[in-house]
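Thanks for asking me to look over this structure with you. Here is my note, in numbered points that you can read in any order.

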Amino acid sequence: MTALHQQIKFAQSHDGLRLAYASSGRGAPLVIKAATWLSHLEADWESPVWRHLLRAMSSQGRFVRYDERGCGLSDWKASDLSFESWVRDLETVVDALEGERGTERFALLGISQGAAVAIAYAVRHPERVTHLILHGGYARGRLVRADSPDARDEAETMCHLAELGWGKQDESFRQFFTTQFIPGGTHEQHQWFNEMERLSTSPQNAAQFMREFNTIDITALLPQVRCLTLVLHSTDDVRVPFAEGRFIATGIAGAQFVPIDSRNHLLLEQESGWTRWLDAVQEFLTQRTNPALSASLANLSMRQREMVELLAQGRDNAQIAATLGLSDKTVRNQISVIFNKLQVENRGQAIVRAREAGLGQNH
């Protein structure tokens, strides 16, 4: 098998920061990974915590990932570490790929807080995302889901702990976080993750990241996701409760939910859960039709389905009228009925839903 390599490039964000992104593998499908903190494109490529996932995704097709602002090879001095900036950074990376063959539509992978970013992007750009893969994610940050003063105190204590000990040579402070992310890791994996925390970002950034994570709330976006969605979550995840993965899966129509038997927030190569995860993702990426979309299309009459097929082909109302021998007024009225049945608000959303259901491909 040909050795896999990655190519690192830089893109400029909306506010002038340099974002490092890497591309590996080739062909279809294209999978773009929404950034997470604790990343370093170069160091992750050979790491005992990430390399199995990076190699596996790259061997299936083209895989693109990037370092979050404030992390890794991207600029660390970022005044804005808000959720909105993370979504716009993902837009920047996608725009940087613009014009390359096969980058018009892609699968989107979101891990941990990257899941919320991926969901927000998929809702904003439904015409771009074919498949949404979410692992260890949450729609509600710690402070949003906190149900007691102790839970709120715990969230802030973690931020303060990062400010005090993140940059020290003594790794005991960072070991606390390592144990949450990979409690089942080997000594080598723990050592690497401890060092990665220090290497990937500054103590100030680490604390600010966690404070922003704590306030994430994209609950309202879940019903707006229209693409095929796969949600995976470790059953005994210490970092993000299993219930949060289930919460996401129940909020997105037609989402598949795969529990993974593991304690690790980041799945490790030596555990059986990793094989289950990879098998589920590979099978998911071959799927072309969302059951929820198929059900909504089933409610259409034969004539309406013909119109949706033409919509998916990019035809305007006049072209649809001419093709079907109908008046423009009849087409306008029927298109409004179709929008209601598909539960969409505009033509663009209707086209996306139709294409996700496999229509519009024979022209």
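The points below cover salt bridges, cavities, backbone geometry and cysteines in what is a predicted model.

1. **Salt bridges overall.** The count of salt bridges comes to 13. A few of these pairs are worth opening in your viewer, and the next points take them in turn. One group to look at is a network of salt bridges that links Asp15, Arg69 and Asp89.

2. **Arg124 and Glu91.** These two side chains form a salt bridge in which the closest N and O atoms are 4.0 Å apart. Arg124 belongs to helix H4 (residues 114-124) and Glu91 to helix H3 (residues 83-97), so the pair ties together parts that are 33 residues apart in sequence. As for their surroundings, Arg124 is partly exposed, its relative accessible area being 39%. Glu91, in contrast, is buried, with a value of 17%, since the cut-off for buried is under 20%.

3. **Arg140 and Glu244.** Here the closest N and O atoms of the salt bridge are 2.6 Å apart. Arg140 sits in the loop between strand E6 (129-135) and helix H5 (142-145), while Glu244 is in helix H10 (residues 242-251), so this contact ties together parts that are 104 residues apart in sequence. Is each partner buried or partly exposed? Arg140 is partly exposed, at 23% relative accessible area, and Glu244 is buried, at 4% relative accessibility.

4. **Arg198 and Glu195.** This salt bridge stays within one helix: both residues are in helix H8 (residues 187-200), 3 residues apart, which separates them by about one helical turn. Their side chains meet at 2.4 Å, N to O. Both ends of the pair can be described with the word "partly exposed": Arg198 has a relative accessible area of 28%, and Glu195 has one of 34%.

5. **Cavities.** How many cavities of 30 Å³ or more does a search of the whole structure find? The search finds 4. Rolling a probe the size of a water molecule over the atoms is what shows where empty space is left. The largest cavity has a volume of about 150 Å³.

6. **What lines the largest cavity.** Its lining is made up of 14 residues, and those nearest the centre are Tyr138, Arg142, Phe213, Asn214 and Arg239. Three helices, H5, H6 (149-165) and H9 (203-214), each supply at least two residues of this lining. Which element gives the largest share? That is H9, with 3 residues. Sorted by class, the lining has 8 nonpolar, 3 polar and 3 charged residues.

7. **A cis peptide bond.** Most residues other than glycine have a negative phi, and most peptide bonds are trans. With that in mind, please look at the bond from Ala28 to Pro29, which is cis, with omega near 0 degrees. Pro29 is placed in the loop between strand E2 (18-24) and strand E3 (30-33).

8. **Positive phi at Leu38.** Leu38 is not a glycine, yet its phi is positive, at about 55 degrees. You will find Leu38 in the loop between E3 and helix H1 (41-45). Leu38 counts as buried, at 3% relative accessibility.

9. **Positive phi at Gln343.** Gln343 is another residue to check, with a phi near 60 degrees, a positive value in a residue other than glycine. Its place is in the loop between helix H15 (328-342) and helix H16 (347-356). Is Gln343 buried or exposed? Gln343 is exposed, with a relative accessible area of 61%.

10. **Cysteines.** The count of disulfides is 0. Why does Cys159 have no bonded partner? The closest cysteine sulfur to that of Cys159 is in Cys71, 14 Å away, and this is too far for a bond, because a disulfide needs the sulfur atoms within 2.5 Å. Cys159 is buried, with a relative accessible area of 0%. Cys227 also counts as buried, at 5% relative accessibility.

Key: Residues numbered from 1 in each chain as written. Predicted model: local features only at pLDDT ≥ 70, side-chain atom pairs only at ≥ 80, totals over all residues. Heavy atoms only, no water. Helix = DSSP H or I, 4+ residues; strand = E, 2+ residues; numbered from the N terminus. Buried < 20%, exposed > 50% of the residue type's maximum accessible area, 1.4 Å probe, protein only. 1 Å grid on protein atoms, 1.4 Å probe; cavity = no way out; pocket = protein on both sides within 12 Å on 5 of 7 lines; lining within 4 Å. Points joined across faces, edges and corners; volume = space filled by probe spheres on them. Nonpolar A, V, L, I, M, F, W, Y, C, P; charged D, E, K, R; others polar.
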